[in-house]
Amino acid sequence: MRDVVTLNAKLYSAFLVAMLLVFTLPAASSASTEITIARPADSTILDPIHGNDNSDIWVCNLVVQGLTKSSADGTKVEPELAERWDVSPDGITYTFYLKEGVKFSDGTPVTTDDWIYSYERLITSKESVWTDSFSMIDKVTATGDNTLRFKLKAPSPFFLAATSMFCASVMPKAYCEKVGDDGIAQNPIGTGPFMLESWNRGEKLVFAKNPYYWKEGLPKADKIIFNVVPDDNTKIMQLQAGQVDVITYVPFNRTAELSVGRTKVYMPASTYTSFISVNNSLPELSDPNVRKALLYAIDRDAINKVIYNGKAALSTGLISPALPHYNSQIKPLPYDLEKAKELMSKSAYPDGFQISLTFTSGNFNELQMAVMIKEAWSKIGVALKLEQLDSATVWSNWGGMKYQSLLNALTSDIADPTQFGNIAISALGRHCYRSDWSGPKQQEAEIYAVKANSEMDPAKRAALYAKVQELYNDDLPLLPMFYVPYVVASSKSVTGFEQNPLGVYNFELLSK
Amino acid sequence: MQQVKYIFNRILQMFPVLIVISFIVFGSMRLIPGDPAVKMLGDKATEETLAALRAKMGLDKPFLVQYLYYLKQTAKLDFGNSIYLKQSVLSLFLEKSVVTVSLTVLTAFFSVLISFPLGFYAGIHGDGRFGRLVSSLSLIFTSVPIFWLGLLMLMLLALRFPVFPVGGWGTSFMEHLHSLILPSFVGSLSTMTLIIRNIQASVVNVLKKDYVDFAYSKGLSARKVTSGYIMRNVLVSTVTLLSIRITGLLGGSVVIESVFALPGIGSLLLTGVLSRDYTLVQGLVFLFGVIVLVINLLTDISYSFLDPRVTLK
């Protein structure tokens, strides 16, 4: 063997060990209460009137507040920055009496000018998707230093619910005019318990306690940090290792292991409703018998067990139990294969047909569901072709009615059934929500839904929506699947995590 | 002088390539279905709101008009603002490239640090048990999915034995380094085994050459023969391999960054594609292209320094 120089083995291993030691120094801990939350995606637009993604909407109310807020169970409207309000007998004029001494997080006092500016910005925006929810407003004026008067074009039963939406929040006029839309999107200022401290895109969003917050002694936490952790497994390990305090969007199949030991699981009720959109303009799917047969053929309890660990509830339509006027009298259609076959034989397609099912690629739950549905429908002669596309394509295909059937879900952004009543039933709404539903039952439902938009008597309004839901469930313009709760997990020591059914966070009491 | 001329020519040749890249990216973003306006405004948007936003973003103009405008701005190094994040694409790129570039450099560092001594050892001691071990390990590490390996490492070295953080990026320089160790190590495994095999083969090959015998018979010391003859001959192919792997690592950063929750360019690009953020994707891919071209150029230039037999023309 010839003599060849190789590295000095001892020196080399000493170097490796030294490097390992340097990099394993423990991290320093801090004394203030910081709550770190891991979520799969970062926020994008924090302007309350332009954001529309849940990652934007849910955090909005940490920073900004409106006249009213939605109650913790999502079914009532409670005072927030308005102490109380009067409604004129004709339902046209609302007078809000504002809390005194409220300041923005930059220390400037809130004036009626700021309120009028904020509402006008919302109402006149050409790019805000929320403007429609406020189309009933005719004029906003100040009638004193602390009173605001809203004149409506016509009485509206959901105007109050609309004032509790995140987008109807007050922001300082001077600041907003200075920084413009893009500036607000990156750093909104409001009266909420927290204010934005820093934002590293795609990494973390940090909120610090608002020193001028009007509720004495609140919020409890000094800082709320939202980290972006795209991978579910990494996120769960971070919680288990104590690196983060709370994780959101926890997969259902991991809830059992996170319910024991140092972690706990919450499942706040949500308005999230999953369903299968079926294109009613296709000849096969235009027949209510076929649509009913398709739903009867699916064993939803089995899917619930496999995908949601049994934690979801069978759905009867778009209005979820977490919204007012949910009709609890309607029972979800059970799994009944015989009934499904019978209905198919009554239809124009007794031998079945072939359609495609579109869903989002990379979503394991949807894939599982799609496979189970394919299996179920094959028993009534419906051959299903699975089509996986990325989410942007799924959305645009759905919006343009370029699909046959599609795994879909919706949440409500207002504590009122009006959003669904209008867009999913009325022929004026976009086709995609209605799945091109038509026929006598649709026409009847539309009459009730339109009436409900101006019916001021809550009992009569509830009766109208009850009827709408009955007709909807009779004709099944789409196949309702599940009402799904939010899933959040945290360390045992964390208290005060609140999320209302609309998804909005209330972290005033959040602590550890 | 010849070298300067060569480099100048190579840089000139980059421009047509970059124009082709820009066209492909620009075109393909518009070919795939999905509308950024729909994605931004969500499912509740009306046709009017969508049209207003499209007009504001200039997306209602003809394809070629949009492309030429984009080309003009790109030539001025103005990549515009991300339509989703409302921030300058260039500043986002610079901010996030710190993560991705550190990750890549550290990955390359680990690969070289570990593979050189092992490869040399294996080359000199022939194709024995060690050689077979390296061959099988390299087969394993190149075929095992990297996200799985990453998760295993996290379970072992972050959760069971909390030596490293479970992903994340940290706030200080030391924390950044600390959180980069595991992802770079995982990322380096496949490259490492490739380089070990390559060095081993080259060393075996070079040792058989007459000039090595000649060097020894001239009475040169073992150190001189190793560094001047064996090492230099091994380096050229290793640098080629490494440069190919580095450009691959830049592209593959999406997976590693997602598993280890690192806020780098890979994650940013993925968000951009999924949200149809045209300006962001166009800018990032273009800048990625520039980096790859520069790495290729540097590799080619390095040959002439590593091996005098190579001349740049």
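**Figure 1. The contact between domain 1 and domain 2 of chain A, in a predicted model, is one across which zero salt bridges are counted.** Chain A is divided into domain 1, covering 66–173, and domain 2, covering 273–483, and the C-alpha centres of domain 1 of chain A and domain 2 of chain A lie 34 Å apart. To their contact domain 1 of chain A contributes 13 residues and domain 2 of chain A contributes 15 residues. About 1000 Å² is buried between domain 1 of chain A and domain 2 of chain A, with carbon and sulfur atoms giving 69% of that area. On the side of domain 1 of chain A, the residues that lose the most area to domain 2 of chain A are Thr75(A), Pro157(A) and Phe158(A), which together account for 45% of what that side buries. Besides the count of zero salt bridges between domain 1 of chain A and domain 2 of chain A, the count of residue pairs in polar contact, both at pLDDT 80 or more, is likewise zero for these two domains. The residues of domain 1 of chain A that touch domain 2 of chain A divide into eight nonpolar, four polar and one charged.

**Figure 2. Between chain B and chain A, the interface buries about 5100 Å².** Carbon and sulfur atoms give 63% of the area buried between chain B and chain A, and the contact joins 60 residues of chain B to 57 residues of chain A. One salt bridge is found across the interface of chain B and chain A; Arg276(B) forms a salt bridge with Asp390(A), and the closest N and O atoms of this pair are 2.7 Å apart. Nine residue pairs in polar contact, both at pLDDT 80 or more, are also found across the interface of chain B and chain A. Among the elements that give two or more residues to the side of chain B that touches chain A are helix H2 (36–41), helix H3 (47–57), helix H5 (89–124) and helix H8 (173–207) of chain B. The largest share of this side of chain B, nine residues, comes from H5(B). Sorted by residue type, the side of chain B that touches chain A divides into 38 nonpolar, 12 polar and 10 charged residues.

**Figure 3. The surroundings of Lys235(A), a residue of helix H6 (residues 232–240) of chain A, are shown in close-up.** Lys235(A) has a relative accessibility of 0% and therefore counts as buried, the cut-off being under 20%. Its side chain makes a polar contact, at 3.1 Å, with the side chain of Asp232(A), and the side chain of Lys235(A) also reaches the backbone oxygen of Thr248(A) at 3.0 Å. When neighbours within four places in sequence are left aside, the residues in contact with Lys235(A) are Ala38(A), Pro40(A), Val229(A), Ile247(A), Thr248(A) and Tyr249(A).

**Figure 4. A salt bridge links Glu197(A) with Lys223(A), the closest N and O atoms being 3.3 Å apart.** Because Glu197(A) lies in strand E8 (residues 194–200) of chain A and Lys223(A) in strand E10 (residues 223–228) of chain A, the pair ties together parts that are 26 residues apart in sequence. Glu197(A) is partly exposed at 42% relative accessibility, and Lys223(A), with a relative accessible area of 23%, is partly exposed as well.

**Figure 5. Within helix H16 (residues 458–475) of chain A, Glu470(A) and Lys467(A) lie three residues apart, about one turn of the helix.** These residues, Glu470(A) and Lys467(A), form a salt bridge whose closest N and O atoms are 3.7 Å apart. Glu470(A) counts as partly exposed at 39% relative accessibility, and Lys467(A) counts as partly exposed at 32%. Elsewhere, salt bridges that share partners join Asp47(A), Arg121(A) and Asp181(A) into one network.

**Figure 6. Lys76(A) and Asp73(A) form a salt bridge in which the closest N and O atoms are 3.8 Å apart.** Lys76(A) is partly exposed, its relative accessible area being 47%, and Asp73(A), with a relative accessible area of 41%, is also partly exposed. A search of the whole structure finds 18 salt bridges over all chains.

Methods:
Residues are numbered from 1 along each chain as its sequence is written. Chains are lettered from A and ligands numbered from 1 in the order in which they are written. This is a predicted model: local features need pLDDT of at least 70, side-chain atom pairs count only at pLDDT 80 or more; totals for chains, interfaces and linings use all residues. Side-chain values use heavy atoms; hydrogens and water are left out. A salt bridge is a side-chain nitrogen of Lys or Arg within 4 Å of a carboxyl oxygen of Asp or Glu. Buried means under 20% relative accessible area, exposed over 50%, partly exposed in between (1.4 Å probe, protein chains only). Helices (H or I, at least four residues) and strands (E, at least two) are DSSP runs, numbered from the N terminus. Domain bounds come from an automatic or database domain assignment. Contact means heavy atoms within 4.5 Å. Buried area is the accessible area (1.4 Å probe) that two parts lose on being put together, summed over both. A polar contact is a pair of N or O atoms within 3.5 Å; within protein, one must be able to donate a hydrogen and the other to accept it, and residues adjacent in sequence count only if both atoms are side-chain atoms. Ala, Val, Leu, Ile, Met, Phe, Trp, Tyr, Cys and Pro count as nonpolar, Asp, Glu, Lys and Arg as charged, and the others, Gly among them, as polar.
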